[in-house]
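Colleague: Got a minute to go over this model with me? I'd like to talk about how the domains meet.

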Amino acid sequence: MNSELNLRPLAIALAAALTAIASTVVVLATALPAHAAEAAVPERPWMDVKLDADRRATLALQAMTQREKLDWVMGWFGSDFRDKKRNPAALPFSAGYIPGTPRLGLPALFETDAGLGVATQATKTPRERTSLPSGLATAATWDRKLAYNGGAMIGAEARASGFNVMLAGGVNLLREPRNGRNFEYAGEDPLLAATMVAQQIKGIQSNHVIATMKHFAVNDQETGRFILDSRIGDVENRMSDLLAFQMVLEQSDPGSVMCAYNRLNGAYACESDYLLNQVLKKDWGYKGYVMSDWGAVHSTVAAANNGLDQESAWEFDKTAYFGVALEEAVANGHVPQARLDNMVFRILRSMFDKGVVDHPVAEGGAIDFAAHGVVSRTDAEDGMVLLKNAGGLLPLKAGAKKIVVIGAHADVGVLAGGGSSLVYPVGGSAVTGIGPASWPGPVVYHPSSPLKAIQARAPGASVVYHDGVDAAAAARAAADADVVLVFAQQWTGESVDAVSLSLPDNQDALIATVAKANPKTVVVLETGGPVLMPWLGQSAAVLQAWYAGTSGGEAIARVLFGEVNPSGRLPATFPAAESQLPRPVLDGDPKDESKRFAVDYREGAAIGYKWFDLKGLKPLFPFGHGLSYTQFAYSGLAASQKDGKLQLRFKVTNTGAVKGKDVPQLYVAPQGAKWEAPKRLAGWDKVELAPGESREVSVTVDPRLLAVYDSGSKSWRIAKGSYKVLLAHSAADANAASINVALEARTFKP
Ligand code: BGC
């Protein structure tokens, strides 16, 4: 404790002195005559783009002094933090900064959050950028291309803003529907989440910007995130949370991985030999670097030796563990020199590999906000899930005389989630002064008004807004309307979990009262994740719009009016009650972050629909559910096996009257083998079809989805036997087509 305290001022003083020296060197270099400055610059063989990233990193590392190496492994925050002033070299109010080695032509790293776009740390003068809809909304598109396009768009804005590292690529599974960060992630299924997040990462990295897979691993609730110990066995973990991370790595090769705040089976994630050295680097062969989450480092020697490569924003930690303390640990042999070299090598390798060195970033690049708004809108509208549509109330018909829009500030904007991922809208928030003003606030609404977008599409109607605060008054206003649109919201944010799955602020009562006064009530949900719907029987239609992003109002209106046929499918089970969850009550006490506790993930790999299947529970809405304004039929399900891989084929036909997109889903259910749950999602496709049109679809199943992990041999094992393949509209489709396939026993890695 004391030694830690004593090191801190020393580290700050030393770092400040070094920064001063570094800037003096730069000044001197520019002041010297050109030939003298050139003489000081060494040969730079690592700048040869024809060499591969490993070679370039090796060469650059060889040219480095010990001081320069140490600079790469300790990051700085981009804002003032507590008593510490921000490093002036960082981009203002950014997430982080790592000084480069200008002498060697190696640029600094400028880090920004995150998954929805270019975020800004709390300030009155934030960067105003384009926000995608929530990660859960993107996952709900089940559309790989849209996820890629979104990633490419936010990566372009990062580059134009001077950032070359995006802290985006959150793939923590939705184990806990109350998790305050579910909106940043991609749902409950490892295959779906990994596929979508991998596409986002590929899109980001197409801009020569490093993306960051996070938060590694089992950071599945926010309550007590700094102190909780996630307990889960190796087998269960490898077949759930870890499988999602593994698949993301394979499909997108992110330049960095962020280790999480929590402990895993006793060890802090950022000093877990199991997670970082064994699983990530050895078993999966990861070649990039591991950065810590902000404030997730708790040691020098253990963290360095167990696989952490870079301490992020050291100001968040108790001390600068990778500053003077690491320098000394290397000098006295507690951390081998080879380990420090490998830490730096990994960082440099990712920089070369992703193009960060060859394509330097600069602030002030042009951003095409109109085009980016369309990317966001397309993502939002394809992610909207039509949960219920009784009597075909939707799409809204021309000729309505009176439409009443109620609640959730739908007159001016759409809600955003809170925390480090918050992207500040161009022009500022549509609503100010509500909710927490400081972390994880402020509560922001993107200024894309659903009301205005609805008015624009109903020129002959009276479209009026009621704030919904007085439920009885709202019901009176709605009673004689041709259709009522109640907007309901649930703000969630980083560091806090939802206290329950019920909508807050008496909105359930509001919806029930309005729906009683006028049964032609459509509920539009703007929530972070699953919520309960006690009024479901009374409302005619429900549209899950999530946090809809920069163009959310427009996207909602386009779906309501049928300009866009809804095609989102739930990436998470919506429970009928909290008592159905593996943990009916959340572990930990949000008001007391001092008492360490453990969360026993006793459901293991049986997350979401797998848990509901296993326990025979009926959810409110199942995973994979989503309606359309048309219908789709499936036929011809057939299987074949090639090179040990199961291939499935079938035909989808649009049997309705309008064009639409469908998401046929394949699940596999073992008939004899014992899995964590009765079935697993094994694949899907998203297809757009005109009325009457058919398409052949073919899906190859990842063999791990047919296997069980064996810890002893670190391999996957498929048991010989019969497996039922289901072709379904959701995880609870009673009319799913099915065939049986016989699989031979097989053992394989990784
Ligand atoms: C979050 C990370 C984020 C980092 C930097 C942390 O609190 O957990 O997801 O990237 O802050 O803002």
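Colleague: How many residue pairs are in polar contact across the interface of domain 1 and domain 2?

Modeller: The rule finds 20 such pairs, both residues at pLDDT 80 or more. A polar contact here is a pair of N or O atoms within 3.5 Å, where one must be able to donate a hydrogen and the other to accept it, and residues adjacent in sequence count only if both atoms are side-chain atoms. It's a predicted model, so local features need pLDDT of at least 70 and side-chain atom pairs count only at 80 or more, while totals for chains, interfaces and linings use all residues. Residues are numbered from 1 along each chain as its sequence is written, and side-chain values use heavy atoms, with hydrogens and water left out.

Colleague: Which helices supply residues to the side of domain 1 that touches domain 2?

Modeller: Among them are α5 (135-141) and α6 (144-160), each giving at least two residues. Helices are DSSP runs (H or I, at least four residues), numbered from the N terminus.

Colleague: And how many salt bridges cross that interface?

Modeller: Three, by the rule, meaning a side-chain nitrogen of Lys or Arg within 4 Å of a carboxyl oxygen of Asp or Glu.

Colleague: Where do the domains start and end?

Modeller: The assignment, automatic or from a database, gives domain 1 (2-353), domain 2 (369-580) and domain 3 (630-748).

Colleague: What does glutamate 494 pair with?

Modeller: Its side chain meets that of arginine 225 in a salt bridge, 3.0 Å from N to O.
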